[in-house]
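Trainee: Please take one part of this model and examine it closely. I should like to follow how it is built and what surrounds it.

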Amino acid sequence: SSESDQRGIRIGALRWSDSEEELLLALVMASRAGGTAGADYWQEISTRLGSGRSAAAVHQHYEILIGTRRSGKARVPKTSGFVGVPLCACARARADLDR
């Protein structure tokens with residue numbers, strides 16, 4: 001379990017695992033294929049992910065994965081539409097082994 005400071009902000013949040021990132025991408029792809037949208041979109045993805053991460057954390061990490069947000073505060077300009085699914089760390093490792 002992680003500690004919280006006086007304002008209740010998590011300190012030392014757990015890093016995202018490869019399997020957690022793959023599940024996040026799969027959930028987003030499945031929901032978009034089904035036309036799911038709305039105000040509770042990221043909350044629903046967060047709940048289905050089952051990791052206890054907030055909707056905002058899930059949304060931000062998704063943007064990092066697809067390249068529209070960098071780790072930290074810097075942002076990359078958004079492109080139009082869905083950017084596509086990047087290779088997760090485990091998929092990149094498999095691709096490196098195939099070379």
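Mentor: Helix H1 has 16 residues, which at 1.5 Å a residue should span 22 Å, and its end C-alpha atoms are indeed 22 Å apart, so the two values agree. The expected span is 1.5 Å times one less than the number of residues. Helices (H or I, at least four residues) and strands (E, at least two) are DSSP runs, numbered from the N terminus. The model is a predicted one, in which local features need pLDDT of at least 70 and side-chain atom pairs pLDDT 80 or more, while totals for chains, interfaces and linings use all residues. Residues are numbered from 1 along each chain as its sequence is written, and side-chain values use heavy atoms, with hydrogens and water left out.

Consider next the two sides of H1. Glu 20, Glu 21, Leu 24, Leu 25, Leu 27, Val 28 and Ser 31 are buried in this helix. These residues cover an arc of only 160° around the axis, which puts them on the same side of H1; the arc is that of the directions from the helix axis to the C-beta atoms. On the other side of H1, Ser 19, Ala 30 and Ala 33 are exposed. Buried means under 20% relative accessible area, exposed over 50%, and partly exposed in between (1.4 Å probe, protein chains only). After H1 comes Gly 35, with a positive phi near 75°.

Two residues of H1, Leu 24 and Val 28, are among those with the most contacts inside the largest nonpolar core, which has 14 residues; the others are Trp 42, Ile 45, Leu 49, Val 58 and Tyr 62. H1 (18-33), H2 and H3 each supply at least two residues of this core, and the largest share, five residues, comes from H3. A nonpolar core is a set of buried Ala, Val, Leu, Ile, Met, Phe, Trp, Tyr and Cys residues joined through side-chain atoms within 4.5 Å.

Leu 49 shows how H1 meets another helix. Leu 49 is found in H2 and is buried, with a relative accessible area of 9%. Its C-alpha atom is 6.9 Å from that of Leu 23, although the two residues are 26 residues apart in sequence. Setting aside residues up to four places away in sequence, Leu 49 touches Trp 16, Glu 20, Leu 23, Leu 24, Leu 27 and Val 58, where contact means heavy atoms within 4.5 Å. With the same exclusion, the contacts of Val 58 include Trp 16, Leu 24, Trp 42 and Leu 49.

The aromatic residues add a further link. The whole structure holds two aromatic pairs. Tyr 41 and Trp 42 form one that is edge-to-face, with 4.9 Å centre to centre and 90° between the planes. The other joins Trp 42 and Tyr 62, whose ring centres are 5.4 Å apart and whose planes lie at 40°, so this pair is tilted. Because Trp 42 lies in H2 (residues 41-49) and Tyr 62 in H3 (residues 55-66), the pair ties together parts that are 20 residues apart in sequence. Rings of Phe, Tyr and Trp (its six-membered ring) pair if their centres lie within 6.5 Å; planes under 30 degrees apart count as stacked, over 60 as edge-to-face and the rest as tilted. Trp 42 is buried at a relative accessible area of 14%, and Tyr 62 is buried at 3%.
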